[in-house]
Amino acid sequence: MLDFPTWKKVWLWGLTLVAVLAAMPSLFSAANVDWPEALPHPQVNLGLDLAGGSHILLEADPSQVAAQRLENMEEAVRAEMRRAEPRIRIGDISTTNGQLSFMLDSPGDIDRARGLIEPLMQGNNLVREWNLSVVDTQRMILTPTDDGIEQAVDDAMESAIDVIRRRIDSLGTREPTIIRQGDTRIVVQVPGLEDTDQLKRLLGETAKLEFKLVDVNALITDIQAGVVPPGSQIFPYAEGTLQEGQLVAVRRLGGIRGDSLTNAQAGVDQRNNENVVNIQFDQQGASKFCSLSTENVNRPFAIILDEKVISAPNFNEPICGGSAQISGNFTAESANELAISLRSGALPVDLAVVEERTVGPDLGADSIRKGLLAMLIGSIAVVTLMIATYGRFGIYATIALIFNVLIILGLMAGLNTTLTLPGIAGFVITIGAAVDANVLINERIREERKRGRRVIAAVENGYKEASRAIYDANITNFIAGVLLFLFGSGPVRGFAVVLVIGLFTSVFTALVLTRMWVAGWLRAKRPSDINV
């Protein structure tokens with residue numbers, strides 16, 4: 001137990017010093033001292049309650065998910081009927097009352113149509129998303145199931161969380177907290193972000209991009225009166241465009257969605273120095289855009305962003321390179337924000353800000369001061385008691401305590417975790433756990449000496465016997481910490497992270513480092529008695 005060969009000492013000291021060095025950038029930052037840029041600088045991220053920042057609660061409209069599912073199913077049904085050999089002819093498809101219904105031209109095609117539609121009704125998670133019924137031998141009705149709608153909303157919310165995270169990461173901020181609250185709400189907390197308006201604009205923008213053909217046969221008078229031509233949709237022009245206030249009719253199906261994009265970058269059109277967004281399609285989107293532009297040369301198409309037309313240029317020639325350009329009176333900032341939104345993907349549903357809170361950095365600094373003051377007072381009291389009670393062994397315990405805190409900071413910095421105010425409480429509890437371990441060891445050594453064991457035997461048995469109780473206590477705490485992390489959220493998880501890391505470091509410093517120091521002292525001095 002007290003045998004520490006040179007290689008083992010070098011390994012333990014090296015491991016300790018690496019963790020301590022990893023903590024240095026965070027300590028320099030806390031003291032407002034610049035850390036050399038040439039050196040690695042892992043840092044502990046401060047949570048919202050310590051660094052200040054923004055708290056936003058977003059709410060989704062699930063009715064949009066249902067409407068999008070109807071449109072997707074309509075396109076899929078039309079495509080299947082066209083691909084059938086021979087082709088199955090159907091009349092106009094109705095989407096009233098949340099159902100999809102259409103009439104077959106020939107009653108004899110009912111079985112073939114059913115066979116083509118059945119595979120479309122099953123979801124990816126083996127959930128039946130649609131029910132099919134036949135009325136009057138020719139009319140087919142597809143009705144979404146409750147399980148299908150619930151699954152679609154759940155998928156949309158999970159996708160929205162991924163999109164939000166990518167958008168926030170594009171801003172250069174670190175460690176946002178993004179969690180789902182209930183069925184249709186998402187909580188977003190971004191520490192250290194001062195421009196809350198930019199965050200709201202970025203998160204509130206659905207960035208649903210569509211390219212659709214303009215319905216050139218629609219009468220302008222009907223469009224302005226709000227009369228929707230069959231098979232078309234009406235959208236207004238976006239604010240800031242030359243046609244602001246006007247309406248335009250576009251073909252409802254047959255366009256291209258923004259989910260075919262692979263990249264989007266803000267740029268400047270060299271011909272007129274306008275701010276634009278250059279986009280790149282994936283292979284399928286490029287092929288579809290090429291076909292659309294080839295078949296409709298000299299016809300206008302609308303670029304629609306979040307259900308507003310930002311421009312409606314003509315296809316002057318086929319566009320088959322897989323890239324295109326979006327213009328629309330952008331500023332450099334708005335073009336960059338749109339590029340970020342398009343790169344991160346469109347939100348599957350609109351998100352409205354229903355609650356907003358801003359935590360000032362002054363409040364966070366005050367929390368840090370009070371938390372550190374509490375930890376400092378507690379540490380001084382503990383250190384004084386340890387040294388007064390256990391002498392040299394109390395000094396070893398104190399040094400181990402300091403290393404314990406530094407190693408925790410180093411590990412948190414290396415793992416890129418976030419420190420919250422409850423995390424500081426976790427530090428205080430960790431200090432208590434580390435002290436408990438040293439108290440158990442020292443008291444056990446005292447008992448061994450009282451039983452008449454020699455110094456080395458007493459120390460060796462003291463560490464051996466105390467380690468059992470230390471491991472038992474820390475295993476139960478570890479289980480509690482893991483459960484808090486798995487089922488908690490926000491600050492609770494911050495507390496759990498510090499607690500779990502602290503359990504490992506306290507065992508390491510109390511049972512390994514102090515034993516190495518004590519073994520070295522015993523080997524060097526060979527005392528006949530010890531004051532424990």
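Contact here means heavy atoms within 4.5 Å of each other, and helices (H or I, at least four residues) and strands (E, at least two) are DSSP runs numbered from the N terminus. The model is a predicted one, so to speak of a local feature takes a pLDDT of at least 70, side-chain atom pairs count only at pLDDT 80 or more, and totals for chains, interfaces and linings use all residues. Residues are numbered from 1 along each chain as its sequence is written, and side-chain values use heavy atoms, with hydrogens and water left out.

Helix packing comes up first. Two packed helices are described by the angle between their axes and the distance between the axes. The axes are lines fitted to C-alpha atoms, for helices over the stretch in contact, and angles run from 0 to 180 degrees between N-to-C directions. Helix 14 (residues 491–525) packs on helix 12 (residues 421–450) at about 25°, with the axes 8 Å apart. The two are therefore roughly parallel, given that angles under 35 degrees count as roughly parallel, over 145 as roughly antiparallel, 65 to 115 as roughly perpendicular and the rest as oblique. Their crossing is right-handed, a label used if the near helix is turned clockwise from the far one by less than a right angle, with anticlockwise giving left-handed. On the helix 12 side the contact includes Pro 422, Gly 423, Phe 427, Ala 434 and Ile 441, and on the helix 14 side Pro 491, Phe 495, Gly 502, Ala 510 and Thr 514 are among the residues met. By class, this contact has 13 nonpolar, 8 polar and no charged residues; Ala, Val, Leu, Ile, Met, Phe, Trp, Tyr, Cys and Pro count as nonpolar, Asp, Glu, Lys and Arg as charged, and the others, Gly among them, as polar.

Helix 14 also packs against helix 11 (residues 392–414), at an angle of about 140° and with the axes 8 Å apart. That pair is therefore oblique, and the crossing is right-handed. From helix 11, Arg 392, Tyr 396, Phe 403, Ile 407 and Met 412 are among the residues in the contact, while helix 14 brings in residues including Val 498, Phe 508, Trp 517 and Trp 521. The contact of helix 11 with helix 14 has 16 nonpolar, 6 polar and 1 charged residues.

Helix 11 has a further partner in helix 1 (residues 6–30): these two pack at about 70°, with axes 7 Å apart. That makes helix 1 roughly perpendicular to helix 11. Trp 13, Val 20, Met 24 and Leu 27 of helix 1 are among the residues involved, as are Phe 403, Ile 407 and Gly 410 of helix 11. The split for the contact of helix 1 with helix 11 is 12 nonpolar, 3 polar and no charged.

Now for the sheets, where two strands pair if DSSP finds at least two bridges between them. One open sheet has 4 strands in the order 6-7-2-17, with antiparallel pairing. Its edges are strand 6 (177–181) and strand 17 (351–359), each pairing on one side only. From one strand to the next, the twist averages 15°. Strand 2 (residues 53–60) and strand 17 run antiparallel, joined by 8 bridges, and Ser 54 has Thr 358 as its bridge partner in strand 17.

Another open sheet, also of 4 strands, follows the order 11-8-14-15 with antiparallel pairing. Strand 11 (256–257) and strand 15 (308–311) sit at the edges, and each pairs on one side only. Strand 8 (residues 209–213) is paired with strand 14 (residues 301–305) over 5 bridges in the antiparallel sense, with Leu 209 bridged to Leu 305. Strand 14 goes on to pair antiparallel with strand 15 over 3 bridges, where Ile 303 stands opposite Ser 311. These two strands form a hairpin with 2 residues between them, and Asp 306 in the turn has a positive phi of about 50°.

The model has 1 disulfide, meaning a pair of cysteine sulfur atoms within 2.5 Å. Cys 290 and Cys 320 form the link, their sulfur atoms 2.0 Å apart, and with 65° about the S-S bond the link is right-handed. It ties together distant parts of the chain, 30 residues apart: Cys 290 lies in helix 8 (residues 283–295) and Cys 320 in the loop between strand 15 and strand 16 (323–330).

Lastly, some backbone oddities. Most residues other than glycine have a negative phi, and most peptide bonds are trans. The bond from Glu 85 to Pro 86, however, is cis, with omega near -10°. Pro 86 is found in the loop between helix 3 (62–83) and strand 3 (100–103). Asn 97 is found in the loop between helix 3 and strand 3 as well, and has a positive phi of about 60° although it is not a glycine.
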